[in-house]
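Here is a friendly walk through one protein model. Please keep the sequence and the 3D view open as you read.

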Amino acid sequence: MNDEYKSIHEFDVELICQYFASLKRQGPGSPEVTIKALSFIDNLNDKSLVADIGCGSGGQTMILAQHAPCNITGIDIFPAFIDLFNQNAEKLGLQHRMKGIVKSMEDLPFQDEQLDLIWSEGAIYNIGFERGLNEWRKFLKTGGYLAVSEGTWFTEERPAEIEAFWMDAYPEIDTVSNKVAQMQKSGYMPVAAFILPENCWMENYFAPKVAADELFLKQNAGNKIAEEFIANQRHEAQLYT
């Protein structure tokens, strides 16, 4: 990786939290994609129990609650995200069947076979894809579902700069076929897999970060670490485009 850019792992987590709390979404996606993924899941009702693990401020979780009658628990390690999550639920009048709690995805507060659905958009990488698959499976009821988005390669060969960036940021990145094979090995039966459309990255993730970058730099004026962090974020966007 180019020495000009630090790995995101080198930055203080509170700094990262401050930045991402200013965004409606903390990762790529869209309401349409959330609804599409939900369409593959059967038999959710008002008794169904759902966990959104790594929910952030709940951009996707609110969509879930608006399109499925289930009861949802949002899990995130950052209190600032959970405060926003619960505020958003209340604004939408959904607080009676969804609640965010501060908890690590490594120490989930659920009983074995308690959940009908585990959801995790752009977050399972924090614990590791394979580890998350294996450790979370026990919380699912027989016939329950796991829906995740995961960083993957679409081709066997990539430009060297892009490969170096992502191997540094997430060494577990792999091809779609290998990710599906990992799910099968962990005891899941794959139902569907699809690639996020470009607008999930460009319009809903990178574009809002332009204003967030400027606000963050203004709030942290003179802070070299904050400047390096924004350089890291902008470098990721440049590699995508």
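The report below covers the sheet, a pocket and two loop residues.

## About the model

This is a predicted model, so local features need pLDDT of at least 70 and side-chain atom pairs count only at pLDDT 80 or more, while totals for chains, interfaces and linings use all residues. Residues are numbered from 1 along each chain as its sequence is written, and side-chain values use heavy atoms, with hydrogens and water left out.

## The sheet and its helix

Let's begin with the sheet. Its 5 strands follow the order 3-2-1-4-5, and this open sheet has parallel pairing. The edge strands, strand 3 (98-102) and strand 5 (140-148), each pair on one side only. From one strand to the next, the twist averages 20 degrees. Two strands count as paired if DSSP finds at least two bridges between them. Helices (H or I, at least four residues) and strands (E, at least two) are DSSP runs, numbered from the N terminus.

Strand 1 (residues 49-53) and strand 4 (residues 115-120) run parallel and are joined by 3 bridges. If you look at Asp-52, you will find its bridge partner, Trp-119, in strand 4. Helix 4 (residues 79-91) packs on the sheet, where it touches strand 2 (71-76) and strand 3; contact means heavy atoms within 4.5 Å. The direction of helix 4 makes about 170 degrees with that of strand 3. Axes here are lines fitted to C-alpha atoms, for helices over the stretch in contact, and angles run from 0 to 180 degrees between N-to-C directions.

## The second largest pocket

The second largest pocket holds about 370 Å³ of space. A pocket is an open set of points on a 1 Å grid over the protein atoms alone, where a 1.4 Å probe fits, with protein on both sides within 12 Å along at least five of seven lines; lining residues have an atom within 4 Å of a point. The volume is the space filled by probe spheres set on the points, which are joined across faces, edges and corners.

Of its 16 lining residues, Lys-24, Arg-25, Gly-58, Gly-59 and Asn-88 are the closest to the centre. Helix 3 (59-67), helix 4 and helix 8 (198-219) are the elements that give two or more residues to this lining.

## Two loop residues with positive phi

Most residues other than glycine have a negative phi. Asn-43, though not a glycine, has a positive phi of about 65 degrees. Asn-43 sits in the loop between helix 2 (31-38) and strand 1, and is exposed, with a relative accessible area of 70%. Exposed means over 50% relative accessible area, buried under 20% and partly exposed in between (1.4 Å probe, protein chains only).

Glu-113, in the loop between strand 3 and strand 4, has a positive phi of about 55 degrees and is not a glycine. Glu-113 counts as exposed at 52% relative accessibility.
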